[in-house]
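Grab a coffee and work through these short exercises with the viewer open. Try each task yourself before reading the solution under it.

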Amino acid sequence: MSMLFPRFHQWEAVTNIVAAVAEEGVGQRYLIEHSAGSGKTNTIAWTAHRLARLHVDDEKVFDWTPR
């Protein structure tokens, strides 16, 4: 298994979206523009992973627990 590190534009996209969601809350729309072969799939995966773990004021922002 090898470790995969993001390129700068991927890292910037992930951190900007996570910061925006932490500040603005959920329900907003965001657009990430990448060219062909630039790693869109990895950017989406890293963003989803970070958002799934995101906490604001010690509460999960996205809680997938059934109610």
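Two residues are in contact here when they have heavy atoms within 4.5 Å of each other. Keep in mind that this is a predicted model.

**Exercise 1. Get your bearings: which elements does the chain have, and in what order do they run from the N terminus?**

Solution. Start by picking out the elements: there are two helices and two strands. Now walk along from the N terminus, and you read α-α-β-β. For the overall dimensions, the C-alpha atoms fill a box of roughly 40 × 30 × 20 Å along the principal axes. Finally, check burial: 21% of the 67 residues count as buried.

**Exercise 2. Find the residues of the largest nonpolar core, and say which helix gives the most to this core.**

Solution. The core has six residues, namely Val14, Ile17, Val18, Val21, Leu51 and Leu54. Helix H1 (residues 8-24) gives the most, with four residues. As background, nonpolar side chains tend to be buried together in soluble globular proteins.

**Exercise 3. Start at Val14 and list what this residue touches, leaving out residues up to four places away in sequence.**

Solution. With that sequence filter on, Val14 touches Thr43, Trp46, Thr47 and Arg50. Let's follow one of these partners, Thr43. Thr43 sits in helix H2 (residues 40-52).

**Exercise 4. Is Thr43 buried or exposed, and with which side chain does its side chain make a polar contact?**

Solution. First, the accessibility: Thr43 has a relative accessible area of 1%, so this residue counts as buried, the cut-off being under 20%. Next, the polar contact: the side chain of Thr43 pairs with the side chain of His34 at 3.0 Å. Then list the neighbours, again skipping residues up to four places away in sequence: Thr43 touches Gln10, Ala13, Val14, Ile32 and His34.

**Exercise 5. Look at the loop between strands S1 (55-56) and S2 (59-60): what is phi of Asp57, and what is phi of Asp58?**

Solution. Place the residues first: Asp57 is in this loop, and Asp58 is found there too. Phi of Asp57 is near 55°, and phi of Asp58 is near 60°. Both signs deserve a second look because most residues other than glycine have a negative phi. Now add accessibility, where exposed means over 50%. Asp57 comes out at 72%, so Asp57 counts as exposed. Asp58 has 76%, so Asp58 is exposed as well.

Terms used
Residues numbered from 1 in each chain as written. Predicted model: local features only at pLDDT ≥ 70, side-chain atom pairs only at ≥ 80, totals over all residues. Heavy atoms only, no water. Buried < 20%, exposed > 50% of the residue type's maximum accessible area, 1.4 Å probe, protein only. Core = buried A, V, L, I, M, F, W, Y, C linked by side-chain atoms within 4.5 Å. Polar contact = N/O pair within 3.5 Å; in protein donor to acceptor, adjacent residues only side chain to side chain.
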